[in-house]
Every structure is written in structure tokens, then in C-alpha cells.
Amino acid sequence: MNAESLTERLASNWAKIRFGDIPGEVVDGVKKNILDTLAVAMAGAHTQEARQVRTALTGGRGVSGSLLWGTPFRVSPAHAALANGTAAHARDFDDGGGPGHAGSTVLPAALAVTEANGGDGRTLIAATIAGYDVGYRALQALGGFAVHTGRGWHSSGTMGSLAAAAAAAKSLGLDAERFADALGIAGSFTGGVWAFIDDGAMTKRIHPGKAGETGVDAALLAEAGITGPRRVFEAEWGGLYATYNNGQGFPEQALVGLGADFNVATAYIKPYACCRGSHSTIDTILSIMRERDVKPTDIARIAIRASETAVNMLSVDPIETVFDAQFSLPYAVSVALCDGSVGLDRFDPPRTDDPLVAETFAKISMHVDTDIELEDGPQLDVEFSSGETLTLHAGNPTTAKGSAQNPLSHDEVVAKAHALLAPLDPDLPRRLAHAVDNLEDAPDLSDLLCVLGAERRDHCLGD
């Protein structure tokens, strides 16, 4: 008899885990990610991308099914995952980790299925944690984020499908056999490439939602008896190792701490509204501004040296759209220097018409340094107007502010939600935080859905 495949190991582990098996600190940690994801999604629901996806799915009409957050519309659970995942990622301010962008791939799937089945808050939390864990482990099986991204794959789209399938399967309470089928089905249809970086196509925003849709469909098909390949990673021809990683797999990395480490802490929450690859550099710039009272006029030039993958990801020019600004490290450094703040309002819309930002941006260049790996982070050669020069090492972007090594506090996550949602409704951030904080005691999702539907009813929690 063959040994259990990676898919079967992951499935059997999560099929048997119950809410009471999950440590309290993991539950508290994931609730911060849930709050963050829901806040950015409700803000993102008003973007062009989210409106267009919503129109495509509803024709502008509400139907029965799962809620589209921030609206009165309802669609099928799979389409809700697609639309809400797009909204959550529409401005790239959602969390990372797991399969890449964890919250926007996992939570829309978990919530849509839990809502459709009348599940409680604990079911939603456990399903979300399952998605974070399986998504992270699936990505590790392919060598991790840097290796996968270096090949041109967008991990939120590729391994996000398996993460969403795990979340949906856990919410449905599938046994180990059907859980493994769900992962195999999701792996059969998963995909996502970085081609959007070439022209800023909207597919970047849709990848997490599409992964969520694939995962929900996979779990529902598995529940109905459709089988999926159990060796979806290992199959010599057509398996994920062969297709995505030239035949090389790292199952031992994927299984480290299985059942004991839930990998929620691998997910960072963004303090800055741009690609995570820019964040350690922004930390470095803000730090030197505080330490030396640096102003943009003090800078003569900055040459940023980084890995080839980082330069491919972060050197978009010219800056014409929100996407362009979010994937330009020189632009992020410019607004950090000029404003000391790197919130969403610095990117949406881009501030290229600000003379000081434009002047600062013109002083900054990016260059490939073959001695620097993606997770080393960029190095900055700074020349001051005084003639002084300084080399700054930004360090690994994945350990920048918002990571487990430098986490945002609960109050900081609430403050981020307030900045995003208060313009829509001054009381909305408080109501959302209250619903999420009390989620494990909720007998159903009605209070949370009341807030997410932007309803103002007397029976809504916190009203």
C-alpha cells in the first residue's frame, strides 16, 4: 500500500481538528486578520474592479445566496467568494502569508459556505485557520514564496485555490476522504501568473477571488461525491511539483509542525497600502526620517539595488493608475519621504501631480543586483544634498512591520479599519470590530452579516 500523499496528510489532519483543539492565541491572532480582511473588503467594494465583478455576477439584481459584503446583493457561495475576494484585494491592502494573500483567498470562501450552511462563529474561525494553514503548507511544498514567484506564478491564485478549498471543506465538516478530494479538485483547476505586471491588468485584483471560487466549488463537488487526484502534488506527469516546479517538491517543509503549528502567525497585516515587497524599505525610510529628521529636499538621489524578481515586481513606470503606484518601490519611497505616511490615500489616486512627490520620484532609480535574493530585501545607496553618502539595508520584506516579528496590535488593526471605513459610516468600524471580537461566542453569523450588509437595524450587534 502506498504511503499517504501530501494531500491526504493535510486532509486527515484538518478533518479531525475541532475548535477546542486550536490554542486561544491562534484564535485571537486570526480574528485580527479577519477584521483586517473584512475592513479592506468593505472599502474595496466601492472600487471599479469590485463593481464590475458584482455587475457580471448579479446583473445589478439581488438574488438569494451568500452576501456580497458592503452591498445588499446575494449570489451563490462560489460567486460570493469570487466577488468578496476581489473586493478584499481590490486595493492590495489585504493581509499576506498563507498561500500569498491569505485573507482574500480564504475568508470569502469560509464565510460564504458557513453562511449558506447556517454555521456559527466557531465554524467560521476554524475554517479560516484551516485555509491559512493548508495554503501556507501547499506553498512550502513548492519551495516557498520566493521560488514560486521567481518562476512567474502568482501564489494567491495558484495555492490560494487549495487554501480556499480547505476552508470550505472544514466549514462543511467533510471527512478525511472528501476533504482530500476537495484539495485534489482544487489543485486540478488552480492557476495564476504575474503577466498582469506587464500592463497593470485587473486580473491581479481578481486572482484571490477566483481562487476562492475554485475552492468553494471544489469542496461542494467533493461533498457531492466527485473525486479528486490524491497525488495532485506528486504525480510525475501533471502533478503540481512537475507543472509548477520542474518536478521538485518539498513535502518535508510542508509537513513541519503539522497539527501543532497552525501558521496564522505566518500571515502579516499590511500597515502600508502597497506591495509587501516595498514594506521593509518603507520601514527603513521612515526610520531614518525619524532618526535624522530627513526631508525630501535633503536627498540628491537614491539608487535601489534589489533582486531581479523584486525589480520585475516593483519598478512600474510611468505611474498612471493605483496599480502602477502600488507596484513602484520608487513611488512608495517618494510618498514616504514627502508625507511620512503611506496609507491608501497616497495611492488612490496616485499623487504624481504633487510637485514635491514628482521631484522626489525623479531622484530614485532601481537596479538589479545579482548578489541580492528576494528575501534579502533591497539595499539603498543614498546620496544627500550635502554630499554625504549612506548605504541602507532594508532587510526581508516578509519580516517588516505587520509581521509576526513586528506585529500590529489589535488597536492598530482597529485604527486601520477606522481609516478605511469611517468615511462610509462613522460607526461602521466600531460595529465591525465588536462583531469580530465576539465571533467565537456567536451562535450564527447574523450579527456579523448585519454589519457586512451595511444594515442599520435595531437587532444588529452593537446598535
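Start with the largest pocket, which has a volume of about 660 Å³. Two terms need unpacking here. A pocket is an open set of points on a 1 Å grid over the protein atoms alone, with protein on both sides within 12 Å along at least five of seven lines. Its volume is the space filled by probe spheres set on the points, with grid points joined across faces, edges and corners. Rolling a probe the size of a water molecule over the atoms shows where empty space is left.

Before you click further, know that this is a predicted model, where local features need pLDDT of at least 70, side-chain atom pairs count only at pLDDT 80 or more, and totals for chains, interfaces and linings use all residues. Residues are numbered from 1 along each chain as its sequence is written, and side-chain values use heavy atoms, with hydrogens and water left out.

**Stop 1: the largest pocket**

Select G97, F145, Y268, E375 and T398, the residues nearest the centre of the largest pocket, out of 37 that line it. Lining residues have an atom within 4 Å of a point. Now colour α6 (121-141), α8 (155-172) and α14 (308-314), the elements that give two or more residues to this lining. Helices here are DSSP runs (H or I, at least four residues), numbered from the N terminus. What classes of residue make up the lining of the largest pocket? You'll find 15 nonpolar, 17 polar and 5 charged residues. For these classes, Ala, Val, Leu, Ile, Met, Phe, Trp, Tyr, Cys and Pro count as nonpolar, Asp, Glu, Lys and Arg as charged, and the others, Gly among them, as polar.

**Stop 2: the second largest pocket**

The second largest pocket has a volume of about 480 Å³. Select F93, L344, K416, A419 and L420, the closest to its centre among 24 lining residues. Three elements to colour are α2 (24-44), α4 (77-89) and α18 (410-421), each giving two or more residues to the lining of this pocket. Which one gives the most? That's α18, with 5 residues. The lining of the second largest pocket has 14 nonpolar, 4 polar and 6 charged residues.

**Stop 3: α5 beside α8**

Show α5 (residues 102-116) and α8, whose axes come within 8 Å and cross at roughly 25°. Axes are lines fitted to C-alpha atoms, for helices over the stretch in contact, and angles run from 0 to 180 degrees between N-to-C directions. The two helices are therefore roughly parallel to each other (angles under 35 degrees count as roughly parallel, and 65 to 115 as roughly perpendicular). On the α5 side, pick T105, V106, A109, A110, V113 and T114; on α8, pick S156, G160, A163, A164, A167, A168, S171 and L172. These residues make the contact, meaning heavy atoms within 4.5 Å. They divide into 9 nonpolar, 5 polar and no charged.

**Stop 4: α5 beside α6**

Keep α5 and add α6: their axes come within 9 Å and cross at roughly 145°. Select A102, G103, V106, L107, A110, L111 and T114 of α5, then T123, L124, A127, T128, G131 and Y132 of α6, to see the contact. By class, the contact of α5 with α6 has 8 nonpolar, 5 polar and no charged residues.

**Stop 5: α2 across α6**

Swap α5 for α2, which packs against α6 at an angle of about 90°, with axes 10 Å apart. That makes α2 roughly perpendicular to α6. Highlight V26, V27, V30, K31, N33, I34 and T37 of α2, plus I125, T128, I129 and Y132 of α6. This contact has 7 nonpolar, 3 polar and 1 charged residues.

**Stop 6: some loops**

Go to P318, in the loop between α14 and α15 (322-326). The peptide bond from D317 to P318 is cis, with omega near 5°. Next, zoom in on P349, in the loop between α16 (329-339) and α17 (355-361). The bond from D348 to P349 is cis, with omega near 5°. Finish at N263, in the loop between α12 (251-254) and α13 (279-292). Phi of N263 is near 65°, a positive value in a residue other than glycine.

Definitions and conventions:
1 Å grid on protein atoms, 1.4 Å probe; cavity = no way out; pocket = protein on both sides within 12 Å on 5 of 7 lines; lining within 4 Å. Parallel < 35°, antiparallel > 145°, perpendicular 65-115°, else oblique.
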